Each structure stands twice: as structure tokens, then as C-alpha cells.
Amino acid sequence: MESTEQERKVKPALLGIKIAIVFFTALAILVFAAYIVISQNVQDMLIDNTLNLFSSMVEQGVTTIEYELQVGKKDAADMAEAFSISNRDDKTVTFPTVDSDPNIIRMVYVTNDDVTVTDEQHLDIRERADIVEAFSGKTSVYGPYFNEDNEYVICYSAPVVQDGKVAGVLSIEKDGYYFCSLIQEIQFMGTGESYIINEEGTDIAVSNQNHIEWVDERYNAEKILNTKDDPVTRSVFELEQKGLKGEKGTGNYYWNNGLCYLAYAPIPSEGWVLLAGVREEELVSMTQSALYSSIIKSPIFNICIVVFLMLTGIIVYWIASSFKKTVAINKELKIIANYDPLTGTLNRNSFHTAMDTLSNEQNSSLACIYIDANGLHEINNHLGHQAGDNMLRTVVEVLRRVFSPENVYRIGGDEFVVFCRNQKEQEVYHKSELARKNLKEQGYEISIGIEWRDSNIDIKNMVNMAEESMNLDKQRYYQSNGKERQIRALNQKLEKMVLEKQDADAFLAVLSPIFKGVYFVDLGTDTVRHIFIPPYFAEMLEEAGDVFSKALTLYAEQIVAGGFRREFKKFCDLAYVKKQLDMDNTPELTYPKTDGSFMKLRILKFKIYTDQCRETLWIFSEIEGQI
């Protein structure tokens with residue numbers, strides 16, 4: 001009886017233990033299965049996203065390297081322009097002063113007869129390819145390469161022009177290892193790294209300093225294959241060759257018993273290729289370590305369930321946050337890849353994508369509008385690149401407002417394209433002229449070419465036809481505005497002298513025979529900055545307390561002939577002047593002075609003419625003859 005009672009007590013305990021064992025076993029199997037499934041799915045998704053991220057990183061790296069090459073060439077061209085050679089018989093060479101740049105090793109000046117070096121090295125580089133090309137009038141790049149002194153350098157060479165002829169070549173030699181630092185950030189986890197090869201397939205830069213010997217020993221996959229065939233080297237070589245052919249993409253190969261992924265993209269200006277790689281095991285370990293370490297920390301049943309649920313939530317949150325970050329990074333990289341950083345509109349990459357999309361669409365009609373910003377080169381030269389950038393931003397702002405932001409593309413320095421789907425031809429022409437009018441009101445001119453079709457829609461042909469129409473419109477613009485542009489060139493010369501802060505002596509020597517008074521006047525504050533001021537007007541300005549309109553009234557009463565004072569005093573009312581300028585008129589007046597000579601007053605908007613600062617340029621010039 002006692003034994004039976006004891007069995008009754010033991011059986012439930014044994015059953016509970018069996019249930020617990022089954023439950024823990026099922027939980028363990030569930031956790032293990034979830035671990036396998038989740039880790040595998042996460043691994044696959046991370047690999048896909050990482051490859052996309054890697055491709056975008058490589059393309060951004062190409063942009064960075066291209067920018068560095070263009071800056072180096074521009075610096076060389078600017079220094080060559082500032083280069084000085086003495087007119088004495090000894091032809092003394094004066095190298096341009098350079099702001100501290102730790103990457104510059106030396107400067108070399110090369111003529112047909114001699115080579116001059118800043119650090120007195122004995123170099124004869126007259127037969128080097130970049131020197132030969134520079135003698136033909138082109139700025140070029142050579143290297144990176146190891147020179148005669150085993151220095152790893154990259155050379156930017158530009159022609160030195162004197163009297164319209166190439167007198168020599170200025171070559172700027174910089175540290176070639178600098179390109180290694182440019183690509184250091186293009187890597188992933190512990191084993192990821194990137195490198196650059198030149199057009200011959202030789203390594204010229206690496207992101208991992210532990211592999212700098214690839215550069216120092218001129219590693220070249222093709223040359224290695226010529227001596228010994230190796231499957232790994234051949235796989236890498238085939239991917240490198242795709243990049244050298246101008247292709248971009250990703251591939252994989254096996255190395256040290258592991259799968260490696262390699263992304264590649266060409267660097268077009270020099271025929272180089274940027275490549276970046278990562279080992280698959282790094283991606284796998286990232287998920288496995290997190291899941292495994294979480295599961296093994298649960299010693300008892302209840303805690304195991306809680307931890308399991310918490311870990312499930314944490315893993316889901318971690319995956320979601322990782323995807324969210326990846327999406328954010330991809331979104332940012334997409335913006336970099338598809339949008340113009342200066343104007344914020346769609347760039348040339350997006351333009352080509354749109355052409356492919358439009359080629360596969362069925363639209364009732366399609367219009368291609370090709371636009372060129374007239375005078376950008378002149379604005380950059382005379383008023384500075386900031387003024388040119390402002391022009392481009394204004395053009396884009398108007399085009400995006402008149403059309404729609406998703407249809408406006410900047411495809412070149414001053415060229416834009418707009419696509420209009422399913423719009424009537426008359427509506428397209430109306431919008432184009434509206435954009436032209438709005439820009440003209442802001443002081444800018446554009447040339448427009450339009451190709452509209454409702455059948456035989458061939459997008460590439462339409463773009464070409466629109467470009468031809470734009471060129472004809474641009475030709476007509478410059479033919480009809482020749483004289484006006486000559487007058488504007490004189491004013492721009494004056495503005496350039498002011499912006500470059502040349503002294504009054506230079507101004508008097510060049511322009512005083514034409515101009516008798518030149519002032520910058522802010523219509524909003526009635527203040528003046530004088531560039532050239534005759535003594536009598538300086539006294540009037542002092543008497544008027546530096547209030548320009550009052551000084552101008554004194555000038556009218558004392559200097560202007562009596563019959564013209566009333567007309568002249570209109571210009572003393574700055575509100576009248578502002579109204580004329582806002583109507584895009586150019587206020588001007590020809591009048592006689594009391595001494596019998598004749599003057600012409602002309603008022604122009606200066607480059608800073610906004611609601612906050614209405615700065616104008618007042619030019620008083622002496623003319624011959626009489627009214």
C-alpha cells in the first residue's frame with residue numbers, strides 16, 4: 001500500500017521530467033532550426049546587399065579618384081599659366097609659389113634643350129610620354145611609377161605658353177602612394193580591401209598597407225600567368241580584364257579555400273580600374289556569432305523561454321535595423337550616383353537610364369527638349385565660378401518649376417535635357433518659351449532645341465535631332481547678339497578688374513580715357529563704393545554725408561546743363577532706377593555739362609542684385625559730338 005502511494009507520487013514527477021525533456025528537446029530543435037533558417041536567409045540577403053553596396057562604393061571611389069586627377073591636371077595648368085621665365089640671356093626660371101601640399105615632391109621645367117628641377121635632381125624626362133603630349137599643348141598625367149631614384153610618383157604635366165607658343169612644359173611630381181589613402185575607406189570587415197590597376201593591369205594603389213608590396217613589386221596578374229598558370233590568378237585576371245574593357249560589375253573567385261567577391265569599375269580618364277573585394281566567411285561569421293552566443297546562455301527552462309523570445313525580438317530588430325541602415329546607405333549612394341551635386345537635379349547616369357526606360361514605353365507622344373545655358377563660359381571667366389554655379393542652379397530651378405523635377409536632367413557642364421510624355425506639341429513649345437522668358441527676366445539666356453513626335457518614337461534619334469535644333473538656336477542667338485556682347489565684354493572687363501582688386505593706377509591707365517566716373521551703388525541703402533571718382537564729385541559726396549542720391553542731386557545742379565537737369569534728376573530718384581531695372585530696362589541718358597562737353601550715364605545690374613542687396617554699376621563716360 002505504501003509502495004503504491006510512493007509510485008503515485010513518483011509517476012507524475014517522472015512524467016513531468018519526460019515532458020520537460022521533450023519540451024526542451026523541441027525547443028532546442030526549434031531554436032536550432034530557426035538559427036539555421038534565419039542565419040542562412042540573413043547570410044544570403046547580406047551578401048546581395050553587400051554586393052550592391054560594394055558596387056556603389058566602388059563607383060563613388062571612381063568619382064573621388066577622377067576628381068583628384070582633374071584637380072591635379074587643373075593645378076598643373078594653373079601653375080603653368082603662372083610660370084615665369086626671365087627675358088634675360090640666362091633664361092632664369094622662376095617656379096610658381098605653391099601653398100603647402102605634402103604630396104608635392106618637386107617641380108620640373110622641361111624645354112627642348114634643358115631640364116630644370118626645384119630640388120636640383122638630375123633628371124632627363126624629355127622623352128617621357130606626358131612631356132611629349134604637353135609639348136603638343138595638352139595637359140596630361142603620367143604614372144604612378146617608380147622614377148630613376150626609385151621614388152613612387154605621379155606626374156601632372158602642362159604646357160607653358162609664351163607669345164602664343166609652347167615654350168616648355170611644367171611637370172608637377174606628387175607622391176604616388178597618395179592614391180592608396182584615397183581608397184582606404186573602400187573595404188568591408190577584416191578581410192575586405194580595394195586596389196587600383198593601370199591600363200597595363202599593374203597594381204598602382206592598395207587600401208591595405210600590409211599589401212603595399214603589390215605596388216612596390218609591380219604585381220601584374222597577366223605577367224604572372226605568362227610564367228605559371230594559376231586558377232586563382234586567372235579568375236582575378238579575367239575580372240580585371242572586364243574592367244579594363246570599360247565594364248563594371250561584380251564577380252567571384254576561390255582563394256585560400258574560401259569564396260571571395262570582387263566588384264570592379266573603370267576609371268575612364270586614365271584607363272585604370274578600381275576593384276574591391278570581401279571574403280564570404282566574414283558575412284557568415286557576423287550572423288553566426290550573434291545567434292550562437294545568445295542561445296547558449298540559458299541554463300534553466302523558464303529563462304530559456306524568456307531569452308529565446310527576447311533573442312528572437314532582438315534578432316528581428318537587429319535584422320530590421322541593419323536593413324534600414326543598408327537601405328539608407330543605398331538611398332544615399334543612389335542619390336550620389338543619380339543626382340547632380342551642384343544643382344540637385346538628375347544627372348547623366350539617370351539620363352541614360354531614362355532613355356532605356358522610354359525606349360520600352362508605349363507613349364502616345366514624346367518630346368525631347370535640349371537646352372544649353374548661353375554665356376556660362378564668359379560668366380565663369382569674368383565673374384568667377386560661383387556666379388557660373390548660380391546661373392546653373394537658376395536654370396535648373398526654372399526648368400523644374402516649368403516642367404517637373406523628375407523629367408529634368410543635367411547631362412553636361414551647361415547642357416540639360418527635358419522629357420515630356422503624352423503632352424501636346426503646342427503645350428511643349430509654350431512651356432519651353434515660358435522657361436526662356438523666366439530665365440531672361442533673371443538675366444540669363446538659353447538656347448532650346450525641341451523634337452516632338454507622336455509616331456516613329458526613336459529616343460536616341462530624337463535626342464540627336466533636339467541637340468541639332470539647339471545648336472541652330474544657339475548660333476542664331478550669338479549672331480543676333482554680337483554687338484551687345486562686345487559692349488558687355490567691356491563692362492565685364494571692368495568688373496573683373498574690380499573683383500581681382502587691381503589698383504587704381506591700372507584702372508586709370510587702361511580705362512580712364514573712356515570712363516569719367518564709375519561707382520557701385522546699392523539702391524536699397526543709398527550707399528556707394530567708388531572705383532573711379534573725379535575730385536569734384538568726391539567733394540559733393542562728402543558734402544552729402546556719403547548719401548549717393550543727395551550727391552547726385554548736387555551734381556545735377558552744378559555740373560549738368562540747365563535744359564537737361566530735370567531729365568537728369570529722374571536718376572536721383574533711386575526708386576525710379578529700381579523700377580526701370582526690374583522691368584529689365586537699362587537706364588541711360590546722354591546730356592551736356594555746363595562746360596559744353598557731353599557725357600553718357602549708363603546703369604547696370606551688378607552680379608549681386610537681389611531683394612536683400614540691390615547693387616548696381618553706374619558708369620559715366622565722355623562722348624564726342626553733341627545731341
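**Exercise 1.** In this predicted model, decide whether Glu622 is buried or exposed or in between, and then find which salt bridge its side chain takes part in.

*Solution.* Begin with the accessibility: Glu622 has a relative accessible area of 39%, and because buried means under 20% and exposed means over 50%, Glu622 is partly exposed. Next, look for the partner, and you find that the side chain of Glu622 meets that of Lys516 in a salt bridge, with 4.0 Å from N to O. Lys516 is itself partly exposed, at a relative accessible area of 30%. Finally, place the two residues in the chain: Lys516 belongs to strand E17 (residues 515-522) and Glu622 to strand E21 (residues 614-623), so the pair ties together parts that are 106 residues apart in sequence.

**Exercise 2.** Work out which strands are linked by the salt bridge between Arg106 and Glu173, and say whether these residues are buried or exposed.

*Solution.* Start from the contact, in which the closest N and O atoms of Arg106 and Glu173 are 2.9 Å apart. Then locate the residues: Arg106 sits in strand E3 (residues 104-110) and Glu173 in strand E7 (residues 165-175), so that the pair links distant parts of the chain, 67 residues apart. As for accessibility, both Arg106 and Glu173 are buried.

**Exercise 3.** Find which residues gather in a patch of negative charge on the surface, and where Asp546 is placed.

*Solution.* The patch is formed by Glu539, Glu542, Glu543 and Asp546. Turning to the last of these, Asp546 lies in the loop between helix H16 (535-543) and helix H17 (548-558).

How values were computed. Residues are numbered from 1 along each chain as its sequence is written. This is a predicted model: local features need pLDDT of at least 70, side-chain atom pairs count only at pLDDT 80 or more; totals for chains, interfaces and linings use all residues. Side-chain values use heavy atoms; hydrogens and water are left out. Patches are made of residues with over 30% relative accessible area and no salt bridge: like charges are joined within 9 Å, nonpolar side chains (Val, Leu, Ile, Met, Phe, Trp, Tyr) within 5 Å. Accessible areas come from the Shrake-Rupley method with a 1.4 Å probe; for residues, only the protein chains shown count as cover. Lys and Arg count as positive and Asp and Glu as negative; His and the chain ends are not counted. The place of a charge is taken as NZ of Lys, CZ of Arg, CG of Asp or CD of Glu. Helices (H or I, at least four residues) and strands (E, at least two) are DSSP runs, numbered from the N terminus. Buried means under 20% relative accessible area, exposed over 50%, partly exposed in between (1.4 Å probe, protein chains only).
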